[in-house]
Amino acid sequence: MTQRIGLFGYMSKKELKDYYWAYADILRDIGVNESVYDQRIMAFMALKLLIDNDKLKFNLEFREHFGLSDALYKKYEAKDTQSTFLNIIKDIENLGQNLQFFTQESHYNPDESQNILHYLNHFKTFELERYILELPNDYLEHVLDIYTYQANFTEYPKEDYKDLYEKTISRMKKLSGDLTGQHFTQKSIIHLMCEMSIEDIKCKNKLAIYDPTCGTGSMLMESAYYFKQKAKIDDIELYGQEMHGQTWLLAKIFLEITGQKNIIAYGNTLTNPAFSDGINGDESFDFIIANPPFGVDWKHSYDKVLADMKSQQSHFFTVRDEKNKLVTPKKSDGQFLFMMHIIKLMLQEARRGKRAKAGIISSSTLISTGSNTGSEAKIRKAIFGEGIVNAVLEQPNAMFTNTDISSHIWFLDTQKSENIKLLKADTKEETLFSPHPSPKDKMKNSYASSDIKKLKKYLNTKRDYEYISKTVDTNRCGINISNEIGFKDTSVDVSFDELFGEFDELMDDMCSLYKNSKLVSYE
């Protein structure tokens, strides 16, 4: 099969991935630093996604008037392709079509505009104007050709859109040599988190899902897809917050293209939580899913967070010590703050009389780090004491792309419990995880559907299974899951008499072999 490439005639059909490198070569040629390739590439990817899904009135075929009518083209036409394209981009707010969820109240957005198209060319997201101006006219035309004829999303499966960001970032970070900080959540983990809540969700006609650190919305989209397929729920609303402008915008684009009703707020959840009172202050979430960043410093937000905790309407589950002083997590890791935000939301929802569930990924240290008298131990004791932690799973290593760090999943439920079920997936008693079907970088392991079924059984049953699961009470300040569950001793006791007997037999055999060897002469 062949494909037209502008003025370059015909060539073999390219795989979608090839366009990344083509644009990267141009950026290298004009002296752009490799560390910012991804910004440019994703900006044009965002445009092309909207174009190929019929969400914009123009396209990138500059030789054919950018797909505009003659009358509309004259409005933007200038001396060359670069100037004409700039005029189009500057007016992009007025060039949308077939949009469903691309308008949301301005307090959810990076600026005053309610129109999400506005942020395709904004200093907090993608500075398309600057990216266009840095390309000489002939280079720009080459880039437009690349995205027109090589980056074709018209037949790209919509359920895979959520993976595009990871693929783009991974390729560009490898190119620049920066592989840090990108720990994407694989689908099987999301499926397990959803499956643990599905029995309660099946009876709902409408479902509201929230992710306080939503990134490009992949966990929201995958959980919505899972509940739609498994629980047969069509009326699903997605809510999230993201502090990085580019990923916030991509989340809005992916959700628009896949037709998911959503509100994705821009901003820092810890200092400006958009959904601190639920949905519009009078409705609540049914399911919360989150993978907060591990080990992120929050000392620059300390004063604001502390002031929030001291207020009458704090957005966090607050803990005070024996002297009535506020207890805060260590400033070098903000994981606990996200946990405290989620728990506050869930307790609010319990007061509304609505049952809610949550699945939260954490590092394995969050549940046990520090001394028994330290601040995090006091926070854990208060959280456990609320009875909201239903179960905690210790995951196997190698579940994320760029780290083999061990991790836990906390399962929260507003239907309170006096006990916590602990489960260890990496056990010699039974296989509870599988090799990943498409291993990548450090991500080697996964959960097959059969694994999820078994994990769910162990997490939900009241019975404990030796070396696999254990039920503990909530009156504690820390839990070491591996130590609580224990390890099966597979060593065999051997007496010294037996050991020396075996040694003597071995020596006799060696001597006999030596004497009978043809290589040995006694002459």
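**Exercise 1. The crossing of α8 and α15**

Determine the handedness of the crossing of α8 and α15, then describe the geometry of the two axes and name the residues through which α8 and α15 meet.

*Solution.* Step 1: α8 and α15 cross in a right-handed manner. The model in which this is seen is a predicted one.

Step 2: Helix α8 comprises residues 187–195 and helix α15 residues 449–460; their axes come within 10 Å and cross at roughly 40 degrees.

Step 3: On the α8 side the meeting residues are Ser188, His191, Leu192 and Glu195, and on the α15 side they are Ile452, Leu455 and Lys456.

**Exercise 2. The packing of α2 against α6**

Classify the packing of α2 and α6 from the angle between them, and list the residues that meet.

*Solution.* Step 1: The axes of α2 and α6 are 10 Å apart, and the helices pack at an angle of about 55 degrees.

Step 2: An angle under 35 degrees would count as roughly parallel, and one of 65 to 115 degrees as roughly perpendicular. The packing falls in neither range, so α2 is oblique to α6.

Step 3: The crossing in which α2 passes α6 is right-handed.

Step 4: From α2, the residues Ile41, Phe44, Met45 and Lys48 meet Leu140, Val143, Leu144, Tyr147 and Thr148 of α6.

**Exercise 3. Two aromatic pairs**

Assign a type to the ring pair Phe44 and Tyr147 and to the ring pair Phe66 and Phe85, and locate each pair in the chain.

*Solution.* Step 1: The whole structure contains 17 aromatic pairs. In the pair of Phe44 and Tyr147, the ring centres are 5.3 Å apart and the planes stand at 35 degrees, so the pair is tilted.

Step 2: Phe44 belongs to helix α2 (residues 37–52) and Tyr147 to helix α6 (residues 137–149); with their positions 103 residues apart, the pair links distant parts of the chain. Phe44 and Tyr147 are both buried.

Step 3: For Phe66 and Phe85 the centres are 5.4 Å apart and the planes lie at 0 degrees, so this pair is stacked.

Step 4: Phe66 is in the loop between α2 and α3 (70–76), while Phe85 is in helix α4 (residues 81–90); the pair therefore ties together parts 19 residues apart in sequence.

Step 5: Phe66 has a relative accessibility of 1% and counts as buried. Phe85, with a relative accessible area of 0%, is buried.

**Exercise 4. A ring cluster and two charges over rings**

Identify the cluster that ring pairs form, and state where Lys331 and Lys457 lie with respect to rings.

*Solution.* Step 1: Tyr108, Tyr210, Tyr239, Phe275 and Phe285 are linked into a cluster by ring pairs.

Step 2: Lys331 is placed over the face of Tyr302, 4.1 Å from the ring centre.

Step 3: Lys457 has its charged end over the ring of Tyr458, at 4.4 Å from the centre of that ring.

**Exercise 5. Positive phi and the β8–β9 loop**

Compare the settings of Asn98 and Ala398, and describe the surroundings of Asn397.

*Solution.* Step 1: Most residues other than glycine have a negative phi. Asn98, however, has a positive phi, near 55 degrees, and Ala398 has a positive phi of about 60 degrees without being a glycine.

Step 2: Asn98 is in the loop between α4 and α5; its relative accessible area of 48% makes Asn98 partly exposed.

Step 3: Ala398 is in the loop between β8 (389–394) and β9 (407–413). Its relative accessibility is 10%, so Ala398 counts as buried.

Step 4: Asn397 also has its place in the loop between β8 and β9, and at 41% relative accessibility Asn397 counts as partly exposed.

Step 5: Neighbours within four places in sequence left aside, Asn397 is in contact with Asp404, Ile405, Ser406 and Asn445. The C-alpha atoms of Asn397 and Asp426 are 8.4 Å apart, with a sequence separation of 29 residues.

**Exercise 6. The protein as a whole**

State how many helices and strands the protein has, what share of its residues is buried, and what share of contacts is long in sequence separation.

*Solution.* Step 1: The protein has 17 helices and 13 strands.

Step 2: Of its 523 residues, 53% count as buried.

Step 3: Among contacts in the protein with a separation of 6 or more, 74% are between residues 24 or more positions apart.

Notes: Residues numbered from 1 in each chain as written. Predicted model: local features only at pLDDT ≥ 70, side-chain atom pairs only at ≥ 80, totals over all residues. Heavy atoms only, no water. Phe/Tyr/Trp six-rings, centres within 6.5 Å; stacked < 30°, edge-to-face > 60°. Helix = DSSP H or I, 4+ residues; strand = E, 2+ residues; numbered from the N terminus. Buried < 20%, exposed > 50% of the residue type's maximum accessible area, 1.4 Å probe, protein only. Lys NZ or Arg CZ within 6 Å of the ring centre and 35° of its normal. Axes fitted to C-alpha atoms, helices over the stretch in contact; angles between N-to-C directions. Parallel < 35°, antiparallel > 145°, perpendicular 65-115°, else oblique. Left-handed = near helix turned anticlockwise from the far one by under 90°. Contact = heavy atoms within 4.5 Å.
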